[in-house]
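Work through these exercises with the structure open beside you. Try each task before reading its solution.

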Amino acid sequence: MRPIIAVIDDYEDFVAGLDAYAALKAQLPDADIRVLTAQPLDQAGIQSLEDVEYLVLIRERTRITPALLQKLPALKAIVQTGSIGAGATSHVDVAACRDRGVFILEGRTSDGHSAAELTWALILAASRNIHSYMDSLASGGWQQGAKVHRLGRSLHGQTLGILGYGRIGQLLSQYAAAFGMDTQVWGRENSRAAAKAHGVTISTSRDRLFETSDVLAIQLRLNEETLHSVTARDLSLMKPTSLLINTSRAALIAPGVLLEGLRRGRPSMAAIDVHDVEPVSASALTAMPTCIATPHIGYVERNSFEILFGSAFKKLVDYVRGQPPSS
């Protein structure tokens, strides 16, 4: 039979231009492959999926709920680019999929470089008020960005704090060294062990990390333990000149805490790539002059997508052919 496959949430309409997509078409030449670009998935889009057997997700852009599964009667498998997470932090209702007999295929995650680079870009932009100066220049101003909030500040000689020292945190510590920054880390035992092995300073405590970092990057995995784990008390410990970066998951920070912290001036600024509700067009947080934000684009670049889709499509091809999924 002709497999029916749908890739949803391709907001920028670039999946069809990937090498991974060309490989999928070559390996399943008879497949009916549909790519939906609506943002978010609308009712018409859902109706167009009624006969779809294999649904390919782009990261966490769509929540797979029991109500949505009921509208997809032909669905056999969900193919995830990256991982689906676990428990309450997952965007896929695994139990509902299991009850419906819908198999879940997970691809590999990206190599971390794209997210680390975006994180560093935000650190630079926020530290030097680049966004404010650009806006000022576009409206005819000259060197007027500092009037929006604070005077920009060089990274050299500052201290980068990293909460969680996985792949991305380790890349950030390398970038920091190149910019003449000191780095300190706090995290679980394995994070501290990795930092020690790399010769990176381990903070004497979690509180001390918040108290002494000029730039603090949250690089934790979101799970039941870390959900809402960054609290108002944590932010109250930060320097009045500090910068907070969150490119991991919005739900790592307790609801409303970052907005209130910025209003109180601790941290002085924030730069975020993740949001409580996505997609988001505007919010009280993104409207703050001391917050710069991007629309969750840490993984949105060609190299990352080739990795994500290449792995996911290989798993899909194996499954459709009745073969054991490739690693």
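A residue counts as buried when its relative accessible area is under 20%, as exposed when it is over 50%, and as partly exposed in between. The model used here is predicted.

**Exercise 1. Helix α11**

Task: Find which residues of α11 are buried, and say what covers them.

Solution.
- Step 1. Locate the helix. α11 covers residues 257-264.
- Step 2. Apply the cut-off of under 20%. The buried residues of α11 are V257, L258, L259, G261 and L262.
- Step 3. Look at what lies over them. The cover includes α10, β10 (243-246), β11 and β12.
- Step 4. Check what follows the helix. Just after α11, G265 has a positive phi of about 90°.

**Exercise 2. The loop after α11**

Task: In the loop between α11 and β11, describe the place of P267 and of S268.

Solution.
- Step 1. Start with P267. This residue sits in the loop that links α11 (257-264) to β11 (269-272).
- Step 2. Check the peptide bond before P267. The bond joining R266 and P267 is cis, with omega about 10°.
- Step 3. Move to S268, in the loop between α11 and β11. Its relative accessible area is 15%, so S268 is buried.
- Step 4. List the contacts of S268, leaving aside neighbours within four places in sequence. They are R150, K239, P240, T241, S242, L262 and T290.
- Step 5. Link back to Exercise 1. L262, one of the contacts of S268, is also one of the buried residues of α11.

**Exercise 3. Another cis bond**

Task: What is the omega of the peptide bond from E278 to P279, and in which loop is P279 found?

Solution.
- Step 1. Read omega. The value is near -5°, and the bond from E278 to P279 is cis.
- Step 2. Place the proline. P279 is in the loop between β11 and β12 (291-293).

**Exercise 4. Positive phi outside glycine**

Task: N129 and H228 both have positive phi. Is N129 buried or exposed? How does H228 count?

Solution.
- Step 1. Take N129. Its phi is near 55°, and the residue is not a glycine.
- Step 2. Place N129. It lies in the loop between α5 and α6 (130-138).
- Step 3. Test its accessibility. The relative accessible area of N129 is 0%, so N129 is buried.
- Step 4. Take H228. It is not a glycine either, and its phi is about 60°.
- Step 5. Place H228. It lies in the loop between β9 (215-218) and α10 (232-236).
- Step 6. Test its accessibility. At 34%, H228 is partly exposed.

**Exercise 5. Two helices that cross**

Task: Describe how α5 and α7 meet, and sort the contact residues by class.

Solution.
- Step 1. Find the helices. α5 runs over residues 113-127 and α7 over residues 167-178.
- Step 2. Read the geometry. Their axes come within 9 Å and cross at roughly 45°.
- Step 3. Name the arrangement. The angle is neither under 35 degrees nor in the range 65 to 115, so α5 and α7 are oblique to each other.
- Step 4. Add the handedness. The crossing of α5 past α7 is right-handed.
- Step 5. List the residues in contact. α5 gives H113, A115, A116, E117, T119 and W120, while α7 gives I168, L171, L172, Y175 and A176.
- Step 6. Sort them. The contact of α5 with α7 has eight nonpolar, two polar and one charged residues.

**Exercise 6. Residue P3**

Task: Where does P3 lie, and which residues does it touch?

Solution.
- Step 1. Place P3. It is in the segment before β1 (4-7).
- Step 2. Test it. At 12% relative accessibility, P3 is buried.
- Step 3. List its contacts, not counting residues up to four places away in sequence. P3 touches A31, D32, E53, Y54 and V320.
- Step 4. Compare a far residue. P3 and M269 are 266 residues apart in sequence and 50 Å apart in space, C-alpha to C-alpha.

**Exercise 7. The whole protein**

Task: Does the radius of gyration of the protein agree or disagree with that of a compact globule?

Solution.
- Step 1. Count elements. The protein has 12 helices and 12 strands.
- Step 2. Compare radii. A compact globule of 327 residues would have a radius of gyration near 20 Å; the protein has 22 Å, so the two agree.
- Step 3. Add the extent. The C-alpha trace spans about 65 × 50 × 35 Å along its principal axes.
- Step 4. Add burial. Of the 327 residues, 50% count as buried.

How values were computed
Residues numbered from 1 in each chain as written. Predicted model: local features only at pLDDT ≥ 70, side-chain atom pairs only at ≥ 80, totals over all residues. Heavy atoms only, no water. Axes fitted to C-alpha atoms, helices over the stretch in contact; angles between N-to-C directions. Helix = DSSP H or I, 4+ residues; strand = E, 2+ residues; numbered from the N terminus. Parallel < 35°, antiparallel > 145°, perpendicular 65-115°, else oblique. Left-handed = near helix turned anticlockwise from the far one by under 90°. Contact = heavy atoms within 4.5 Å. Nonpolar A, V, L, I, M, F, W, Y, C, P; charged D, E, K, R; others polar. Rg over C-alpha atoms; globule rule 2.2 N^0.38 Å. Buried < 20%, exposed > 50% of the residue type's maximum accessible area, 1.4 Å probe, protein only.
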